[in-house]
Structures are given as C-alpha cells and as structure tokens.
Amino acid sequence: MSSEHRPHAKEIVVVIGPGSIGLAIARRVGAGRTLLLAAHDDKASRAAAEQLRGEGYEVAVQATDISDPAQVEALAATAASMGAVTQVIQAAGVSPTQASIERLLHVDLLGTAYVLDAFAEVIAPGGAGIVVASMAGHRESPYPPEIEHALATTETSELLALPFLQPDRIGSSVHAYALSKRANSLRVQTAAAAWGKRGARVNAVSPGVIITPLALDELSGPRREWFEKVREASAAKRFGTSEEVATAAAFLLGHEAGFITGADLLMDGGVTAALRTGELTTP
C-alpha cells in the first residue's frame, strides 16, 4: 500500500532552500509533520535542521542541487519513501549580485521547472506546493506573447535552448533574474494541470524586497540607490519580512485556499504599482 493511502500516514513537507523565507514557511506549516530540508549547501541545511529540531520539529536533510534533474528526482523519491508528500516549498534561488547569467538560469529558472516536474509525480492527493518567485517577474512583464508561451510550455529539457534565453541575448544578470522569475509564475500555471491530476494544487508567491541575507547582498551592492528609491516610492514605505511571506504561503498551502491553483500572489508593498504609474523606473 502506498504511503498516501495508509491510514495515519506520516505527512512530509519538503522545504527546498531553507534560508530565511524557507525556514519561516517551514515553521508555519511543519508542526506535527516531518520536514525534509534540501539545499545545495549541505552544511547550511544541517545547521537549519539542528535549529528546527531545537524548536521541536522533526527534520531530515538531503543535499540537493536543483539545477541537476537527477538530484531533484532523487529528492522527490526520498520524500515519497518517507510518507505522504503533502506540501512542497521551493524557496531556493540566487540573486543577480550573487550569480552569473548562466547560474541564474540554471538555478532560478530551470531548477524550479525540475522541481515542479518531479513533485508532480509524488505529491499526495489534497497536497499543495508553493514556489517563491519575485516581484522581478512582474517588473518587465508581460513579455511578447511568443516568449510567454515558450516559457510556459517548452519541455523542461529544452528550456535553456530557447534563443531568447541565450546569455548574450539577455545582457545582464538583472534581466536574467526577471526572466527566470516570470518563468516561475508561468510554469506554475501550466504545472497546476499536472498537479491537479493527482488532486493537488501549486501556486507561486512573488515577494518584493524582503530583508534576508540574500536581500542584504543586493541592498549593499551596485543597485543600493535604486532600492532606496523603491522603498520611498512604494505604498508601504518599507521592506517586508520573511514572516509576512510565510503567512501568505501558509494560506496558499492550506485548505482555505482549496480553490486556488496556478496563481501568483504579488506581495511587494506597492512597488509594481509604482512602476506601472511611472513613480518608479527600472534601474
């Protein structure tokens, strides 16, 4: 009998990218379930696991580079062998300051597509997934219809062969990040059909500037003056917190959001609104 059909089967919550946002979501949804943490940096994952265990959570760890499909498939198989995979959180990623165009495309764009594909095969009925995208995916969108269609529907193995995803065509890591995050939103839309065949849902959340170690790298980098303008131009007049993202993610993962799938929740304090009205311009 499969784990998803056993009475009182153990519920597994997979947290890919247990950084500030991933851990905040894990704390919101992990009580009474087993958390399976996965990240490229195994040392950081194990440190996060020890922290969560000290707070009373049951935690396992598996080193995973989401840019490697074999490792993503192995993670999904491990999760399914442990019990019913009821929730999947994809919060792994790199920032424009941290990574090259190629690394951004392989991790943020392709890696997320691998996760959506692999967990579509093991998510339990009634389960749900969340992809942490970014307001950057809304900054330059919508792209021309042919680009949007290609990002949404191209076979995952062929994504990085698309002409407009060639590094020399993209031009900068900032544009690579925006394209990747737009792709996250579009892939969630199409993945919702595959997840739905198993009676499960998947959504995205697109945060604005959330104060995390990754964000602090950006805030102290070459675009710091633009980020100050972002704060002043936004309706909220501040940056966000990981807990606020976790609140939104927990809702989308929970039963109250049972009619929501394939959606992308933009939560940026009004930054995109300021861009649309011209009060703020892109860097």
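Analyst: Helices here are DSSP runs of H or I with at least four residues, numbered from the N terminus. With that rule in hand, K237 can be placed in the loop between helix 10 and helix 11 (242–253), bearing in mind that this is a predicted model.

User: What is the phi of K237, and how should I read it?

Analyst: Most residues other than glycine have a negative phi. K237, which is not a glycine, has a positive value, with phi near 60°.

User: Which residues does a cis peptide bond join, and where does P142 lie?

Analyst: The general expectation is that most peptide bonds are trans. In this model S141 and P142 are joined by a cis bond, with omega about 0°, and P142 belongs to the loop between helix 5 (136–139) and helix 6.

User: Stepping back to the whole chain, how many helices and strands are there, and what radius of gyration does the protein have?

Analyst: The secondary structure amounts to 12 helices and seven strands. A compact globule of 283 residues would have a radius of gyration near 19 Å, and the 18 Å of the protein agrees with that. The C-alpha trace spans about 55 × 40 × 35 Å along its principal axes, and buried residues account for 55% of the 283 residues.

User: How many salt bridges does the structure hold?

Analyst: The test is whether a side-chain nitrogen of Lys or Arg comes within 4 Å of a carboxyl oxygen of Asp or Glu. The structure holds 10 such salt bridges. One of them pairs the side chains of K181 and D108, at 3.6 Å from N to O. This pair links distant parts of the chain, with K181 in helix 8 (residues 173–196) and D108 in helix 4 (residues 101–119), 73 residues apart.

User: Are K181 and D108 buried or exposed?

Analyst: Both K181 and D108 are buried, that is, each has under 20% relative accessible area.

User: Which residue forms a salt bridge with R182, and why does that pair tie parts of the chain together?

Analyst: The partner of R182 is E148, and their closest N and O atoms are 2.6 Å apart. Because E148 sits in helix 6 (residues 145–153) and R182 in helix 8, the pair ties together parts that are 34 residues apart in sequence. E148 and R182 are both buried.

User: How many residues apart are R231 and E228?

Analyst: They are three residues apart, about one turn of the helix, and both lie in helix 10 (residues 224–233). Their side chains meet in a salt bridge at 2.6 Å, N to O. R231 counts as partly exposed because its relative accessibility is 27%, and E228 is partly exposed as well, with a relative accessible area of 39%.

User: Which residues gather in a patch of negative charge on the surface?

Analyst: Membership of a patch requires over 30% relative accessible area and no salt bridge, with like charges joined within 9 Å. In this model E73, D117, E121, E155 and E158 form a negative patch on the surface. Among them, E155 is in the loop between helix 6 and helix 7 (167–170), and at 54% relative accessibility E155 counts as exposed.

User: Is V107 buried or exposed, and what separation do the C-alpha atoms of V107 and V188 have?

Analyst: V107, a residue of helix 4, counts as buried because its relative accessibility is 6%. The C-alpha atoms of V107 and V188 are separated by 16 Å, while the two residues are 81 residues apart along the chain.

Technical notes:
Residues numbered from 1 in each chain as written. Predicted model: local features only at pLDDT ≥ 70, side-chain atom pairs only at ≥ 80, totals over all residues. Heavy atoms only, no water. Helix = DSSP H or I, 4+ residues; strand = E, 2+ residues; numbered from the N terminus. Buried < 20%, exposed > 50% of the residue type's maximum accessible area, 1.4 Å probe, protein only. Patch = residues over 30% accessible without salt bridge, like charges linked within 9 Å, V, L, I, M, F, W, Y side chains within 5 Å. Areas by Shrake-Rupley, 256 points an atom, 1.4 Å probe, with all protein chains shown as cover. Lys, Arg positive; Asp, Glu negative; His and termini not counted. Charge placed at Lys NZ, Arg CZ, Asp CG, Glu CD. Rg over C-alpha atoms; globule rule 2.2 N^0.38 Å.
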